[in-house]
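Please look at the sequence and the model shown here. The paragraphs that follow go through its parts in turn.

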Amino acid sequence: MSPALQEPIAVLCEEVGLPVPTPDPLGVYVIHIEGQEIRVSTLSSGKVILLGVIDRAADLAQRRKESRHSLLTTCLNLQAVRFGKLATSEVLTLEPETGELVLWQSFEGPSVSIPAFLQGAESLLNELEFWKNWLAAS
């Protein structure tokens, strides 16, 4: 585990009662919290990224009986409205390699304070819940 991420990830896992994960070959730590998947990684610039997976965009579009383009347009419009009203730090985007619709936020690194990391993880989990519920209901 990268020394900069070791303590914040360990504290988060302890808080939610999970074992500390080992990184995948790319150095990404995957943590599953109450059905939500969070990935933690460090960019070459030193920034720390918290990424929450909503679902594969194609699967969401199929379940909602709309095109992927229409789904993404609707999501980005809603994200703009939410940002204007709530000013959340999470960014909604499409992961090009996996086709997943994700939320992410970054921290200046290479180290992140534990309180900031825990607050970021909590905010990300709340936003993931909102998006999954909204996409399932609409």
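**Helices, sheet and pocket**

Helix H3, made of residues 68–86, lies across S4 and S5 and runs at about 165° to S4. The model is a predicted one. Another helix, H2 (residues 57–64), lies across S3, S4 and S5, and its direction is at about 35° to S3.

The strands that these helices lie across belong to a sheet. Five strands make up this open sheet, in the order S1-S2-S3-S5-S4, with antiparallel pairing. S1 and strand S4 (91–94) are at the edges and have a single partner strand each, so one side of each is left without a neighbour in the sheet. From one strand to the next, the twist averages 30°.

The sheet can be followed from the edge strand S1. Strand S1 covers residues 29–33, and five bridges join S1 to S2 in an antiparallel arrangement. Within this pair, isoleucine 31 is opposite isoleucine 38 of S2. The two strands form a hairpin with two residues between them, and in its turn glutamate 34 has a positive phi of about 50°.

The next step leads from S2 to S3. These strands run antiparallel and are joined by six bridges. Threonine 42 has valine 48 in S3 as its bridge partner. S2 and S3 also form a hairpin, this one with five residues between the strands, where glycine 46 takes a positive phi near 100°.

How enclosed is S2 by the rest of the structure? Buried here means under 20% relative accessible area. Five of the seven residues of S2 are buried, so S2 is largely enclosed by the rest of the structure.

On the other side of the pairing order, S3 meets strand S5, which spans residues 100–107; the two pair in the antiparallel sense over eight bridges. Valine 48 has phenylalanine 107 in S5 as its bridge partner. Valine 48 is thus a residue with a partner in S5 as well as the partner of threonine 42.

Last comes the largest pocket, which holds about 270 Å³ of space. Which elements give two or more residues to its lining? They are strand S2 (36–42) and strand S3 (48–56). Among the lining residues are Arg39, Ser41, Ile49 and Leu51, together with others including Asp24, Leu26, Glu95 and Thr98. By type, the lining divides into six nonpolar, two polar and four charged residues.

Key
Residues numbered from 1 in each chain as written. Predicted model: local features only at pLDDT ≥ 70, side-chain atom pairs only at ≥ 80, totals over all residues. Heavy atoms only, no water. 1 Å grid on protein atoms, 1.4 Å probe; cavity = no way out; pocket = protein on both sides within 12 Å on 5 of 7 lines; lining within 4 Å. Points joined across faces, edges and corners; volume = space filled by probe spheres on them. Helix = DSSP H or I, 4+ residues; strand = E, 2+ residues; numbered from the N terminus. Nonpolar A, V, L, I, M, F, W, Y, C, P; charged D, E, K, R; others polar. Buried < 20%, exposed > 50% of the residue type's maximum accessible area, 1.4 Å probe, protein only. Pairing = 2+ DSSP bridges. Axes fitted to C-alpha atoms, helices over the stretch in contact; angles between N-to-C directions. Contact = heavy atoms within 4.5 Å.
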